[in-house]
Amino acid sequence: MTNRPDPYDTRTLLTWLAAQQRRVLGILDGLDEEDLLRPVLPSGWSCAGMVRHLTVGTTFWFAEVMAGRPVDHRDDPDDDFTVPDEMPASAVLRRYREQVRETAGLVSGLPPHTPPAWWPEGMFGDWRLDDLAEVLLHVLVETACHAGHLDAARELIDGRTWDYARGRLSEPEPLGSPDGSYGTPRRAQAI
(Lines give C-alpha, C1' and ligand atoms only; values in the text may rest on other atoms or scores of the structure.)
Protein backbone atom coordinates (compact mmCIF):
# COMPACT_ATOMS: atom_id res chain seq x y z
CA MET A 1 0.00 0.00 0.00
CA THR A 2 1.31 3.44 -0.90
CA ASN A 3 1.42 6.20 1.62
CA ARG A 4 -0.42 9.02 -0.14
CA PRO A 5 -1.63 12.32 1.28
CA ASP A 6 -5.33 13.00 1.56
CA PRO A 7 -6.22 14.59 -1.81
CA TYR A 8 -8.37 17.18 -0.08
CA ASP A 9 -5.67 18.21 2.37
CA THR A 10 -4.93 21.95 2.08
CA ARG A 11 -1.20 21.41 1.61
CA THR A 12 -1.73 18.82 -1.14
CA LEU A 13 -4.22 20.99 -3.03
CA LEU A 14 -1.93 24.03 -2.75
CA THR A 15 0.97 21.93 -4.07
CA TRP A 16 -1.08 20.87 -7.11
CA LEU A 17 -2.22 24.45 -7.64
CA ALA A 18 1.36 25.75 -7.41
CA ALA A 19 2.40 23.28 -10.12
CA GLN A 20 -0.27 24.68 -12.46
CA GLN A 21 0.69 28.26 -11.59
CA ARG A 22 4.32 27.47 -12.46
CA ARG A 23 3.06 25.93 -15.71
CA VAL A 24 1.22 29.18 -16.56
CA LEU A 25 4.40 31.18 -16.12
CA GLY A 26 6.56 28.56 -17.84
CA ILE A 27 4.34 28.53 -20.92
CA LEU A 28 4.85 32.27 -21.29
CA ASP A 29 8.58 32.28 -20.57
CA GLY A 30 10.57 34.09 -23.24
CA LEU A 31 7.66 35.84 -24.96
CA ASP A 32 8.21 39.54 -25.51
CA GLU A 33 5.78 42.34 -24.59
CA GLU A 34 4.26 42.39 -28.05
CA ASP A 35 3.50 38.66 -28.07
CA LEU A 36 2.17 38.72 -24.51
CA LEU A 37 -0.26 41.53 -25.37
CA ARG A 38 -1.28 40.36 -28.86
CA PRO A 39 -4.59 38.51 -29.17
CA VAL A 40 -4.15 35.31 -31.19
CA LEU A 41 -7.68 33.89 -31.01
CA PRO A 42 -10.93 35.37 -32.35
CA SER A 43 -12.27 35.93 -28.82
CA GLY A 44 -9.64 38.66 -28.45
CA TRP A 45 -7.87 37.82 -25.19
CA SER A 46 -4.10 38.05 -24.97
CA CYS A 47 -1.75 35.90 -22.91
CA ALA A 48 -1.23 38.82 -20.53
CA GLY A 49 -5.01 39.26 -20.33
CA MET A 50 -5.43 35.60 -19.36
CA VAL A 51 -2.80 35.99 -16.63
CA ARG A 52 -4.58 39.11 -15.40
CA HIS A 53 -7.82 37.12 -15.24
CA LEU A 54 -6.06 34.40 -13.23
CA THR A 55 -4.65 37.04 -10.88
CA VAL A 56 -8.06 38.62 -10.27
CA GLY A 57 -9.64 35.20 -9.76
CA THR A 58 -6.99 33.92 -7.36
CA THR A 59 -7.21 37.12 -5.33
CA PHE A 60 -11.00 37.00 -5.30
CA TRP A 61 -11.25 33.39 -4.08
CA PHE A 62 -8.43 33.40 -1.51
CA ALA A 63 -8.25 36.99 -0.22
CA GLU A 64 -11.89 38.00 -0.47
CA VAL A 65 -13.92 34.79 -0.13
CA MET A 66 -11.70 32.70 2.16
CA ALA A 67 -9.87 35.40 4.16
CA GLY A 68 -12.71 37.94 4.12
CA ARG A 69 -10.39 40.75 3.04
CA PRO A 70 -12.04 43.35 0.82
CA VAL A 71 -10.00 44.13 -2.29
CA ASP A 72 -10.13 47.51 -4.01
CA HIS A 73 -11.25 46.91 -7.60
CA ARG A 74 -11.59 50.58 -8.60
CA ASP A 75 -8.63 50.37 -10.99
CA ASP A 76 -9.86 47.14 -12.59
CA PRO A 77 -11.80 47.30 -15.82
CA ASP A 78 -15.07 45.39 -15.86
CA ASP A 79 -13.42 42.80 -18.08
CA ASP A 80 -10.52 41.28 -16.15
CA PHE A 81 -9.15 39.79 -19.40
CA THR A 82 -8.34 43.36 -20.47
CA VAL A 83 -4.89 44.75 -19.79
CA PRO A 84 -5.00 48.54 -19.34
CA ASP A 85 -3.01 50.38 -22.03
CA GLU A 86 -0.60 51.84 -19.48
CA MET A 87 0.17 48.42 -17.93
CA PRO A 88 3.09 46.52 -19.46
CA ALA A 89 2.81 42.74 -19.72
CA SER A 90 5.80 42.39 -17.41
CA ALA A 91 3.78 44.13 -14.67
CA VAL A 92 0.90 41.69 -15.22
CA LEU A 93 3.26 38.71 -14.78
CA ARG A 94 4.93 40.31 -11.73
CA ARG A 95 1.52 40.94 -10.11
CA TYR A 96 0.50 37.31 -10.74
CA ARG A 97 3.67 36.02 -9.08
CA GLU A 98 3.08 38.32 -6.09
CA GLN A 99 -0.58 37.37 -5.71
CA VAL A 100 0.14 33.65 -6.03
CA ARG A 101 2.57 33.88 -3.09
CA GLU A 102 0.48 36.25 -0.99
CA THR A 103 -2.88 34.54 -1.40
CA ALA A 104 -1.52 31.01 -0.88
CA GLY A 105 -0.16 32.29 2.42
CA LEU A 106 -3.64 33.45 3.42
CA VAL A 107 -5.12 29.95 3.18
CA SER A 108 -2.16 27.60 3.76
CA GLY A 109 -2.83 27.25 7.48
CA LEU A 110 -6.56 26.65 7.16
CA PRO A 111 -8.11 23.18 7.38
CA PRO A 112 -9.85 22.06 4.17
CA HIS A 113 -13.31 22.15 5.82
CA THR A 114 -13.00 25.88 6.67
CA PRO A 115 -16.10 27.72 5.41
CA PRO A 116 -15.73 30.95 3.42
CA ALA A 117 -15.29 34.07 5.54
CA TRP A 118 -17.43 35.96 3.02
CA TRP A 119 -19.66 34.97 0.13
CA PRO A 120 -20.79 37.25 -2.72
CA GLU A 121 -24.52 36.70 -2.29
CA GLY A 122 -26.35 36.75 -5.60
CA MET A 123 -23.21 36.88 -7.77
CA PHE A 124 -23.45 33.24 -8.84
CA GLY A 125 -27.16 32.58 -8.38
CA ASP A 126 -27.71 29.47 -6.25
CA TRP A 127 -24.21 28.08 -6.88
CA ARG A 128 -21.96 28.12 -3.84
CA LEU A 129 -18.65 26.71 -2.66
CA ASP A 130 -18.97 25.51 0.91
CA ASP A 131 -15.39 25.19 2.16
CA LEU A 132 -11.71 25.74 1.41
CA ALA A 133 -11.32 22.34 -0.27
CA GLU A 134 -14.03 23.27 -2.79
CA VAL A 135 -12.49 26.71 -3.35
CA LEU A 136 -9.02 25.20 -3.85
CA LEU A 137 -10.38 22.63 -6.30
CA HIS A 138 -12.22 25.37 -8.20
CA VAL A 139 -9.10 27.57 -8.47
CA LEU A 140 -6.97 24.54 -9.40
CA VAL A 141 -9.35 23.52 -12.21
CA GLU A 142 -9.66 27.11 -13.50
CA THR A 143 -5.87 27.55 -13.47
CA ALA A 144 -5.25 24.23 -15.24
CA CYS A 145 -7.93 24.97 -17.83
CA HIS A 146 -6.56 28.43 -18.56
CA ALA A 147 -3.00 27.04 -18.69
CA GLY A 148 -4.26 24.84 -21.52
CA HIS A 149 -5.63 27.91 -23.28
CA LEU A 150 -2.26 29.62 -22.85
CA ASP A 151 -0.47 26.54 -24.19
CA ALA A 152 -2.59 26.66 -27.36
CA ALA A 153 -1.99 30.41 -27.72
CA ARG A 154 1.78 29.89 -27.28
CA GLU A 155 1.75 27.25 -30.01
CA LEU A 156 0.04 29.72 -32.35
CA ILE A 157 2.64 32.39 -31.50
CA ASP A 158 5.86 30.44 -32.00
CA GLY A 159 5.13 26.73 -32.24
CA ARG A 160 6.26 25.88 -28.70
CA THR A 161 4.11 23.96 -26.20
CA TRP A 162 4.51 22.81 -22.61
CA ASP A 163 6.46 19.56 -22.30
CA TYR A 164 5.08 17.79 -19.21
CA ALA A 165 7.81 15.16 -19.11
CA ARG A 166 10.51 17.81 -18.88
CA GLY A 167 8.54 20.51 -17.05
CA ARG A 168 9.51 23.13 -19.61
CA LEU A 169 8.67 24.46 -23.05
CA SER A 170 9.31 22.18 -26.00
CA GLU A 171 11.39 23.22 -28.93
CA PRO A 172 9.22 24.16 -31.91
CA GLU A 173 8.92 21.75 -34.79
CA PRO A 174 8.16 22.97 -38.29
CA LEU A 175 4.71 21.76 -39.21
CA GLY A 176 5.42 20.87 -42.80
CA SER A 177 5.07 24.08 -44.74
CA PRO A 178 7.94 24.67 -47.20
CA ASP A 179 9.11 27.78 -45.36
CA GLY A 180 8.98 26.06 -41.92
CA SER A 181 6.29 28.43 -40.65
CA TYR A 182 3.77 27.47 -38.02
CA GLY A 183 0.04 27.18 -38.37
CA THR A 184 -0.60 24.06 -40.41
CA PRO A 185 -1.66 21.34 -38.00
CA ARG A 186 0.14 18.03 -38.45
CA ARG A 187 -3.15 16.13 -38.77
CA ALA A 188 -4.33 18.50 -41.47
CA GLN A 189 -1.25 17.64 -43.55
CA ALA A 190 -2.24 13.98 -43.74
CA ILE A 191 -5.75 14.68 -44.97
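In this short talk I will go through the overall layout of one protein chain and then look at its helices, its cysteines and one loop residue. Please keep in mind throughout that this is a predicted model.

Let me begin with the whole chain, which has 6 helices and 2 strands, and whose elements, read from the N terminus on, follow the order α-α-α-α-α-β-β-α. Of its 191 residues, 41% count as buried. If we take the contacts with a separation of 6 or more, 68% of them are accounted for by residues that are 24 or more positions apart.

Now to helix α3, which covers residues 47-66 and has 20 residues. How far apart should its ends be? At 1.5 Å a residue the helix should span 28 Å, and because its end C-alpha atoms are 27 Å apart, the model agrees with that expectation. There is nevertheless a kink of about 30° in α3, and this kink is centred on F60. Is α3 mostly covered or mostly exposed? It is mostly covered, since 19 of its 20 residues are buried. After the helix comes G68, and its phi is positive, near 70°.

What does α3 pack against? One partner is helix α5, residues 132-158, and the two helices pack at an angle of about 175° with their axes 10 Å apart. Angles over 145 degrees count as roughly antiparallel, and therefore α3 is roughly antiparallel to α5. On the α3 side the residues that meet α5 include C47, M50, H53, W61 and M66, while on the α5 side they include L132, V135, E142, H149 and I157.

A second pair to look at is helix α1, residues 10-28, and helix α4, residues 89-107, whose axes come within 12 Å and cross at roughly 180°. That angle makes α1 roughly antiparallel to α4. The contact is made by T10, L14, Q21, V24, L25 and L28 of α1, together with L93, Y96, R97, V100, A104 and V107 of α4.

Staying with α4 for a moment, this helix has 19 residues and reaches 27 Å from its first C-alpha to its last, which is close to the 27 Å expected at 1.5 Å a residue. Among its buried residues are A89, L93, Y96, V100 and V107, and what covers the buried residues of α4 includes α1, α2, α3 and α5.

Next, the cysteines. A disulfide is a covalent bond between the sulfur atoms of two cysteines. How many disulfides are counted here? With the rule that the two sulfur atoms must lie within 2.5 Å, the count comes to 0. As for the surroundings of two cysteines, C47 is buried, because its relative accessible area is 1% and buried means under 20%, whereas C145 counts as partly exposed, at 41% relative accessibility.

I will finish with D29, which lies in the loop between α1 and α2. Is D29 buried or exposed? At 54% relative accessibility D29 counts as exposed, because the cut-off for that word is over 50%. If we leave aside residues up to four places away in sequence, D29 touches R154 and L169. D29 can also be compared with R168, for these two residues are 139 residues apart in sequence, and yet their C-alpha atoms are 9.2 Å apart in space.

Methods:
Residues are numbered from 1 along each chain as its sequence is written. This is a predicted model: local features need pLDDT of at least 70, side-chain atom pairs count only at pLDDT 80 or more; totals for chains, interfaces and linings use all residues. Side-chain values use heavy atoms; hydrogens and water are left out. Helices (H or I, at least four residues) and strands (E, at least two) are DSSP runs, numbered from the N terminus. The expected span of a helix is 1.5 Å times one less than its number of residues. The bend at a residue is the angle between axes fitted to the seven residues ending there and the seven starting there. Buried means under 20% relative accessible area, exposed over 50%, partly exposed in between (1.4 Å probe, protein chains only). Axes are lines fitted to C-alpha atoms, for helices over the stretch in contact, and angles run from 0 to 180 degrees between N-to-C directions. Angles under 35 degrees count as roughly parallel, over 145 as roughly antiparallel, 65 to 115 as roughly perpendicular and the rest as oblique. Contact means heavy atoms within 4.5 Å.
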